[in-house]
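Student: I'd like a close look at one small part of this model, and then how it sits in the rest. Could you walk me through it in one go?

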Amino acid sequence: MATLAMPQEQQRGDDRFFLTMAFVMAGLLIAGFGLTLAVGRSTFNRPPIVHAHAIVFMGWMVIYVLQNWFATKGPIALHRRLGWLAMGWLALMVYLGTAVTVMNVRDGTVPFVFQPLHFLVFDPMSLIGCIALIGAGVSLRAHTGWHRRLNYCGMALLVVPGVGRLLPMPLLIPNAYQTAFAVILALPVIGMIADWRRDGRIHPAWFWGFAVMVATEVVTEVIAFGPVGLTLYQAVTAGSPGAAIAPLAFPPSPLG
């Protein structure tokens with residue numbers, strides 16, 4: 001994608017940081033989901049849509065790493081082409097992410113560390129926040145500093161599931177999700193620190209990205225714990241086993 005020129009040393013510093021952090025975020029996701037499989041908390045015996053969801057979301061992780069690789073190492077033309085594919089990929093993620101969330105809520109199979117209604121809201125809201133940030137980043141693709149940082153913050157929102165699987169979530173009830181979300185806010189803070197150490201200033205994109213991330217969580221809480229959330233839950237679970245489950249009660253723990 002076209003970029004406005006920046007000092008060569010700053011460009012090299014940005015290249016190193018964003019490529020490194022792309023691998024860090026991918027590593028968090030791989031470690032989180034890998035741990036879940038390794039300890040038997042997850043199984044491949046799931047409906048096809050769950051497998052499609054996993055493939056598409058892990059595919060996004062690969063796309064994000066490749067985008068940072070191509071932007072840093074080249075060829076830049078491939079970075080541009082893959083960028084447009086990425087926008088369509090995000091739309092597929094919204095569909096599959098929402099479909100799997102609704103399926104779990106309707107079937108009454110929400111993980112016991114989450115309240116069903118909260119789960120119903122925070123998964124789609126994370127995707128909406130991600131798309132808002134990445135969409136803004138794409139619209140500002142001529143401004144490399146903004147483009148990279150907004151995309152990074154959007155990707156950070158998708159790291160919550162991986163981080164959550166690395167945390168002792170049962171011990172964090174009733175604030176397990178909020179804790180995992182707070183942890184991923186460290187990712188843009190790391191970016192701010194990197195800017196300050198390298199350039200002596202913090203790029204304003206970090207503040208906008210951080211604010212959108214926090215706003216995503218605030219909107220999630222307002223919806224989930226307000227009348228709109230209850231109405232949404234009743235509409236989604238109507239005629240399903242989930243309708244008999246208290247929307248804001250934590251499911252029984254399988255740990256006893």
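Student: What is the relative accessible area of D199, and does that make D199 buried, exposed or partly exposed?

Tutor: D199 has a relative accessible area of 29%, which makes it partly exposed (buried is under 20%, exposed is over 50%, and partly exposed is in between, with a 1.4 Å probe and protein chains only). Before going on, keep in mind that this is a predicted model, where local features need pLDDT of at least 70 and side-chain atom pairs count only at pLDDT 80 or more, while totals for chains, interfaces and linings use all residues. Residues are numbered from 1 along each chain as its sequence is written, and side-chain values use heavy atoms, with hydrogens and water left out.

Back to D199. Its side chain forms a salt bridge with R198, with the closest N and O atoms 3.3 Å apart (a salt bridge is a side-chain nitrogen of Lys or Arg within 4 Å of a carboxyl oxygen of Asp or Glu). Salt bridges with shared partners join D199, R198, D195, R149 and D14 into one network. Within it, D195 and R198 pair up at 3.1 Å, N to O. Those two both lie in helix α9, three residues apart, or about one turn of the helix (helices are DSSP runs of H or I with at least four residues, strands are E runs of at least two, and both are numbered from the N terminus). Cover differs along the way: D195 is buried at 3% relative accessible area, whereas R198, at 26%, counts as partly exposed.

Now zoom out to the helices. Helix α9 (residues 186–199) packs on helix α5 (residues 144–157), the axes coming within 9 Å and crossing at roughly 150°. That makes α5 roughly antiparallel to α9. For the terms, axes are lines fitted to C-alpha atoms, for helices over the stretch in contact, and angles run from 0 to 180 degrees between N-to-C directions. Angles under 35 degrees count as roughly parallel, over 145 as roughly antiparallel, 65 to 115 as roughly perpendicular, and the rest as oblique. R149, Y152, C153 and A156 of α5 meet L187, P188, D195 and R198 of α9 (contact means heavy atoms within 4.5 Å). R149, D195 and R198 from that list are also members of the salt-bridge network.

A search of the whole structure finds six salt bridges. One of them is R148 with D15, at 2.5 Å from N to O. R148 lies in helix α5 and D15 in helix α1, so this pair ties together parts that are 133 residues apart in sequence. Both side-chain partners, R148 and D15, belong to buried residues.

Just before α9 in the chain there's helix α8 (residues 176–184), which packs with helix α10 (residues 204–224) at an angle of about 170°, the axes 11 Å apart. The two helices are therefore roughly antiparallel to each other. On the α8 side you have Y177, Q178, F181 and I184, meeting M213, V214, E217 and E221 in α10. F181 is worth a click: it counts as buried at 4% relative accessibility. Beyond its neighbours within four places in sequence, F181 is in contact with L157, V160, M213, V214 and E217. Its C-alpha atom is 8.3 Å from that of G164, 17 residues apart along the chain.

The α8 side also leads to H118, a residue of helix α4. H118 is buried, with 2% relative accessible area, and touches Y177, Q178, T220, E221, A224 and F225, not counting residues up to four places away. Helix α4 (residues 116–139) also meets helix α11 (residues 227–237), where the axes come within 10 Å and cross at roughly 95°. That pair is therefore roughly perpendicular. P116, L117, L120 and V121 of α4 make the contact with G229, L230, L232, Y233 and V236 of α11.

Last stop, the backbone. Most peptide bonds are trans. Two to look up here are cis: I173 to P174, with omega near 15°, and G74 to P75, with omega about 0°. P174 lies in the loop between α7 (169–172) and α8, while P75 has its place in the loop between α2 (48–73) and α3 (76–107).
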